[in-house]
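Please open the model in your viewer and keep the selection panel at hand. The tour proceeds by selection, one element at a time.

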Amino acid sequence: MAAAIMQGVRATKDLSSANYKRSCFATPRSLPERKRSSFVIHCDGNLTSGLNNSSSRSVRLSANAVSTKQENVAASTASKPGHELLLFEALREGLEEEMDRDPRVCVMGEDVGHYGGSYKVTKGLAAKYGDLRVLDTPIAENSFTGMAIGAAMTGLRPIIEGMNMGFLLLAFNQISNNCGMLHYTSGGQFKIPVVIRGPGGVGRQLGAEHSQRLESYFQSIPGIQMVACSTPYNAKGLMKAAIRSENPVILFEHVLLYNLKERIPDEEYVLNLEEAEMVRPGEHVTILTYSRMRYHVMQAAKTLVNRGYDPEVIDIRSLKPFDLYTIGNSVKKTHRVLIVEECMRTGGIGASLTASINENFHDYLDAPIVCLSSQDVPTPYAGTLEEWTVVQPAQIVAAVEQLCQ
Amino acid sequence: MGTAEWRAAKSPAYYKRGDYVPGLKVDGMDALAVKQACKFAKEHALKNGPIILEMDTYRYHGHSMSDPGSTYRTRDEISGVRQERDPIERIRKLILSHDIAAEKELKDIEKEVRKEVDEAIAKAKESPLPDPSELFTNIYVKGLGTESFGADRKELKAVLP
């Protein structure tokens, strides 16, 4: 397997929408359990931070990291690097690059072809690649998910788009039994390199059935990986990583995040599927979040900074498996954890994360883990009630203040 | 929502696909045909078992807020259907041609209905938005008596009835 090292250099900048600073975090990552063909090294001023407690294996990576960092910094200081685009365009770019690179990649879903995708993610792709490679399916989620899994078993790399994550509940049998377990039950003979993606989460008055958060239902399925994207940068990187992955990956997007604008690098980059993203380093409390709640947390963080707190915000990105390395380092530093999520209280991602952290890092915690999640109710249609089901920044601020007493 | 039925299904004669459940295709834009078909279907179902009714209707607007409804069909098609197959227009023409009612009576009915709808809209707009305590109504039929907390375990306490 060719060890292609790809790097993404992100300039620190203020996002006009959320108005916060993001800094690059140096973690040379090579995963012992799984063979990965691509690594990502985020470059930063302090290269020593992540390297001191690494094994000799990563010394090889660190030498490369230093050399590439120099040339990239030189290149990017010339003018503002990269190009600006919206999140759905970033997803489309990632998709298009992968479809160009590998002729086996194909897309299937409802209204992805001629209509261009209900959120315009696949717009223009059917004209470019043909009707069979960007396939319009009937409204039969179970059937076309099964079809994609069968195609994956025989060598294609399909991407299944659910028009809304809630519709994929119809395909649960396919995802659980075939997608997740076939590699095991066939003794390793078949691999299922599918990507199942779609928008989920609470939108603006979409109603109960179209505002579901399926990450809690899928998290128990053995054999699949789950990631959640939150910015155009990680949307494109995670999409590419998910397509290149040999495992079935479920990529959770969010309905309200499709119009986020950001500047992303011109050069090709692939993110690590199992890695979490350090959004804002801090000292007092670790706030773990993903997808849309990241923006609520950053908004609350502004208020918290004004009140004198220093929260460390981590976008966990990888929902299965959790990046306990990054999370653990953070817990060891701050000793307090707050989880902010959009999932339901009962059996959500926050619940699993709480259990995980308690098991592994119990000695490092000064206070019980607080988990803020949505109410265990079907999402109401009325706007005010809908807001009450989802965690709001004011509640995050109150929780941090209580936690840090 | 934007894929034509002949592109989505190889056999678009859905009423024939019930295997040994018989099917009936009805022009859904003709109110009287729908009435007759339902009457027939009810008699058939009570005597013989299930029957499939395929009602062929036409959707004027887009499917949802994000669908303008014009990217996959022409506006001429929409207005054409509205002129020829609109159910209410058809009934109106039948009533007028058979002299069951005069033009003026139909206009009065329309005015009355419009007033009723406008009043309902005004009343709905004036009504207050639901109270947060309604978040937990109708979750369970018979209550569990459990307490439910707000997102931070402080606000919005309710005891599920």
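The stops below pass through chain A and end in chain B. Please note that the model is predicted.

**Helix 2 of chain A.** Select residues 87–101 of chain A, which form helix 2. At 1.5 Å a residue, these 15 residues should span 21 Å, and the end C-alpha atoms are indeed 21 Å apart, so the two values agree. Next, colour the buried positions of helix 2: Leu87(A), Phe88(A), Ala90(A), Leu91(A), Arg92(A), Gly94(A), Leu95(A), Glu98(A) and Met99(A). In an α-helix there are 3.6 residues a turn, so residues three or four places apart point the same way.

**Strand 6 of chain A.** Move to residues 157–161 of chain A. Five of the five residues of strand 6 are buried, so this strand is largely enclosed by the rest of the structure. Display the side chains: Arg157(A), Ile159(A) and Glu161(A) point one way, whereas Pro158(A) and Ile160(A) point the other way. Such alternation between the two faces of the sheet is what a regular strand shows.

**The partners of strand 6.** Add strand 4, residues 105–109 of chain A, which runs parallel to strand 6 and is joined to it by five bridges. Within this pairing, Val105(A) has Arg157(A) as its bridge partner. Then add strand 7, residues 195–200 of chain A, which pairs with strand 6 in the parallel sense over three bridges. Here Ile159(A) stands opposite Val195(A).

**Chain B.** Finally, select residues 1–132 of chain B, which an unreviewed UniProt entry annotates as "domain: Dehydrogenase E1 component". The end C-alpha atoms of this span lie 34 Å apart, and its content is 51% helix and 8% strand.

Technical notes. Residues are numbered from 1 along each chain as its sequence is written. Chains are lettered from A and ligands numbered from 1 in the order in which they are written. This is a predicted model: local features need pLDDT of at least 70, side-chain atom pairs count only at pLDDT 80 or more; totals for chains, interfaces and linings use all residues. Side-chain values use heavy atoms; hydrogens and water are left out. Helices (H or I, at least four residues) and strands (E, at least two) are DSSP runs, numbered from the N terminus. The expected span of a helix is 1.5 Å times one less than its number of residues. Buried means under 20% relative accessible area, exposed over 50%, partly exposed in between (1.4 Å probe, protein chains only). Two strands pair if DSSP finds at least two bridges between them. UniProt positions are given in the numbering used here, feature names are shortened, and annotations may be inferred rather than shown by experiment.
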